[in-house]
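Open the model in your viewer and keep the sequence panel beside it. The stops below say what to select next and what is there.

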Amino acid sequence: YGVLERLQDSMGYLTMGAVSKIIASTFTYPIQVIKSRLQQRNQTVELLANGEVEIVKREYQGVIHCAAKIWKCEGFVGFFKGAVPNALRVAPSAAITFVVYETVTDKLTK
């Protein structure tokens, strides 16, 4: 089993680890957005579509109220604000973890 074959296996594991984490984080991201909104301070500064800055008072009464308000004010896209930077943040660590796990498992079973 040569170096080239091990490198190809590692690239496959890296790819699968990153892709699986991106998919998982995309599906769970709306929950993260709701959690973050509930943890925020009552007043935040937002940049509006026309370029103006506005101080917005946020008061959520609970999870359902928060989700309904996001849906009403921002639509479907509101649940995925920041999803791309989050995916770029979590994918490398998941890919490396997957490669290390598969390598160690492979070495221990031989």
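Is Tyr-29 buried or exposed? Tyr-29 is buried, with a relative accessible area of 12%; buried means under 20% relative accessible area, exposed over 50%, and partly exposed in between, with a 1.4 Å probe and protein chains only.

Before going on, note how to read the model. This is a predicted model, in which local features need pLDDT of at least 70, side-chain atom pairs count only at pLDDT 80 or more, and totals for chains, interfaces and linings use all residues. Residues are numbered from 1 along each chain as its sequence is written, and side-chain values use heavy atoms, with hydrogens and water left out.

**Colour by confidence**

Colour the model by pLDDT, the predictor's confidence in each residue, from 0 to 100. The protein averages 89, and 97% of the residues score at least 70. Among the elements, strand S1 (residues 43-47) has the lowest mean pLDDT, 79, and H2 has the highest, 95. Helices (H or I, at least four residues) and strands (E, at least two) are DSSP runs, numbered from the N terminus.

**Tyr-29 and its surroundings**

Select Tyr-29, which is found in helix H1. Leaving aside neighbours within four places in sequence, Tyr-29 is in contact with Phe-79, Phe-80, Lys-81, Gly-82, Ala-83 and Asn-86; contact means heavy atoms within 4.5 Å. The side chain of Tyr-29 also reaches the backbone oxygen of Gly-82 at 3.2 Å. That is a polar contact: a pair of N or O atoms within 3.5 Å, where within protein one must be able to donate a hydrogen and the other to accept it, and residues adjacent in sequence count only if both atoms are side-chain atoms.

Now add Ala-83, which lies in helix H3. Ala-83 counts as buried at 18% relative accessibility. The C-alpha atoms of Tyr-29 and Ala-83 are separated by 6.7 Å, although the two residues are 54 residues apart along the chain. For another distance from Ala-83, pick Met-16: these two are 67 residues apart along the chain, with 19 Å between their C-alpha atoms.

**The largest nonpolar core**

Which residues make up the largest nonpolar core? Select Tyr-29, Val-33, Ile-34, Tyr-60, Cys-66, Ile-70, Phe-79 and Ala-83, 8 residues in all. A nonpolar core is a set of buried Ala, Val, Leu, Ile, Met, Phe, Trp, Tyr and Cys residues joined through side-chain atoms within 4.5 Å. Helix H1 (3-39) and helix H2 (63-74) are the elements that give two or more residues to this core. H1 gives the most, with 3 residues.

Within that selection, centre on Val-33. Not counting residues up to four places away in sequence, Val-33 touches Ile-70, Gly-78, Phe-79 and Lys-81.

**Ser-25 and Asn-86**

Stay in helix H1 and select Ser-25. At 10% relative accessibility, Ser-25 counts as buried. A polar atom of the side chain of Ser-25 lies 3.2 Å from the backbone oxygen of Ile-22. Beyond four places in sequence, Ser-25 touches Asn-86, Ala-87 and Val-90.

Cross to Asn-86, whose place is in helix H3. Asn-86 is buried too, with a relative accessible area of 14%. With residues up to four places away in sequence not counted, Asn-86 touches Ser-25 and Tyr-29.

**Aromatic pairs**

How many aromatic pairs does the structure hold? There are 3. Rings of Phe, Tyr and Trp (its six-membered ring) pair if their centres lie within 6.5 Å; planes under 30 degrees apart count as stacked, over 60 as edge-to-face and the rest as tilted.

Select Tyr-13 and Phe-98, an edge-to-face pair at 6.0 Å centre to centre, with 65 degrees between the planes. Tyr-13 lies in helix H1 and Phe-98 in helix H3 (residues 83-109), so the pair ties together parts that are 85 residues apart in sequence. Tyr-13 is partly exposed at 29%, and Phe-98 is partly exposed at 31%.

Next take Phe-76 and Phe-80, a tilted pair at 5.2 Å centre to centre and 45 degrees between the planes. Phe-76 is exposed, with a relative accessible area of 53%, whereas Phe-80 counts as partly exposed at 24%.

**Last stops**

Go back to H2 and select Gly-75, which follows that helix and has a positive phi, near 75 degrees. Finally, select Thr-103 in helix H3. Thr-103 and Arg-41 are 62 residues apart in sequence and 44 Å apart in space, C-alpha to C-alpha.
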